[in-house]
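Q: Please take a close look at one helix of this model and at how its residues are placed.

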Amino acid sequence: MKNIRGTLTENAPIGAQSWFRCGGAADLLFKPADEDDLAAFLSQWSADQPLTIIGGLANTIIRDGGLRGATIQLDKAFSSVKVLNDTYISAGCGALNGNVAAAAVKAGIGGMEFLSGIPGSLGGALRMNAGAYGAEIKDIFVGATAIDRKGNPHRLTAEDMHFTYRHCGVHHDLIFTSAILKGRAEDYETVKARITEIKAKRNETQPIRECTGGSTFANPSETELKKAGLPPGTRAWQIVDMVGGRGLRMGGAQMNELHCNFMINTGDASAADLENLGNELRRRALYDLGVKLHWEIKRIGQES
Ligand SMILES: Cc1cc2nc3c(=O)[nH]c(=O)nc-3n(C[C@H](O)[C@H](O)[C@H](O)COP(=O)(O)OP(=O)(O)OC[C@H]3O[C@@H](n4cnc5c(N)ncnc54)[C@H](O)[C@@H]3O)c2cc1C
């Protein structure tokens, strides 16, 4: 690799850094110094070698055998958050969602409070169309910059992103580097009060101090529910509950008692324990209720 300024680490223990605190290592982890550096790396990384992009790993199980090829993670160099005026914020895709929400509240920009309780980076939030409490990235997204597998830059509009529920339809090879978000001008106290309310709600209803990846399964669509003869609006957690998932354990993996769509590593889970537990629930949902549960959590890498 020529003219690379970022950090390259061989055999990087990224599983241990994931929110689940388990899983294997990345053969080669690259943290670019800036967009040009990322483009330079990508232009030298041939198309037939594996490449993975990760963010804060708050929504990802790294399988026990780890990741082959190169893994790219945007961190500090991409973490700036700038308030542009009383409604617009621009941020690097390595910025933590919590920092974007904090900058918005400080500037009296409303509509971004939901980001305050969503762990991980803005890049991950764009890819997942992350959301909570009735709002999602799609509602505040204005535009993004990205770099493709060959190192070419791209500008993306809201239309290009093809956002749907917990999904962004942009080609998976694109790495988001920065985004512009739009809220609404409000006063500091009002926005602050809403953030405090969201934090309190999360503390009450979610195992936020556990090793987890948030919601394990996405809520089924109304079409899927209808096909299975389940009432409209049935949530993924209710399906997990109906098939005996609440508290269900497999090795060191367990579906949380408090919020049964949250899977947790109770201490010594392997990534295989987590994935097997999820697949057991998917099997039960299909055979017992005739409904497909779709993983919201990404599973990447090799099995050991
Ligand atoms: C306690 C807890 C609570 C949670 N609550 C919520 C919630 O309320 N709502 C919600 O939506 N999610 C929630 N999550 C899940 C998670 O926080 C979000 O999905 C978040 O957006 C993941 O971001 P990340 O940076 O950690 O992404 P990662 O887990 O690292 O990656 C997720 C996906 O994003 C892609 N990606 C990451 N960075 C980039 C980039 N720069 N360019 C292109 N693709 C990229 C990865 O390739 C992968 O496909 C929760 C998780 C936890 C642990």
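A: The account below follows one helix and then the core around one of its residues. This is a predicted model, in which local features need pLDDT of at least 70, side-chain atom pairs count only at pLDDT 80 or more, and totals for chains, interfaces and linings use all residues. Residues are numbered from 1 along each chain as its sequence is written.

Helix α3 spans residues 97-106, and its buried residues are N97, V100, A101, A104 and V105. Buried means that 20 or more other C-beta atoms, placed from the backbone, lie within 10 Å of the residue's own. Helices are DSSP runs of H or I with at least four residues, strands are runs of E with at least two, and both are numbered from the N terminus. The buried residues lie on the same side of α3 because they cover an arc of only 130° around the axis, taken from the directions from the helix axis to the C-beta atoms.

These residues pack against β6 (81-83), β7 (88-92), β8 (109-110), α4 (122-128) and α7 (188-205); contact requires C-beta atoms, placed from the backbone, within 7 Å. Leaving aside residues up to four places away in sequence, V100 touches V81, I89, A91, A95, M112, L115 and L122.

V100 and A104, with L126 and A179, touch the most other members of the largest nonpolar core, which has 83 residues. Such a core is a set of buried Ala, Val, Leu, Ile, Met, Phe, Trp, Tyr and Cys residues joined through C-beta atoms within 7 Å. Its largest share, five residues, comes from helix α10 (residues 271-289).

Just after α3, G108 takes a positive phi of about 70°.

Note on methods. Buried ≥ 20, exposed ≤ 12 C-beta atoms within 10 Å, placed from the backbone. Contact = placed C-beta atoms within 7 Å.
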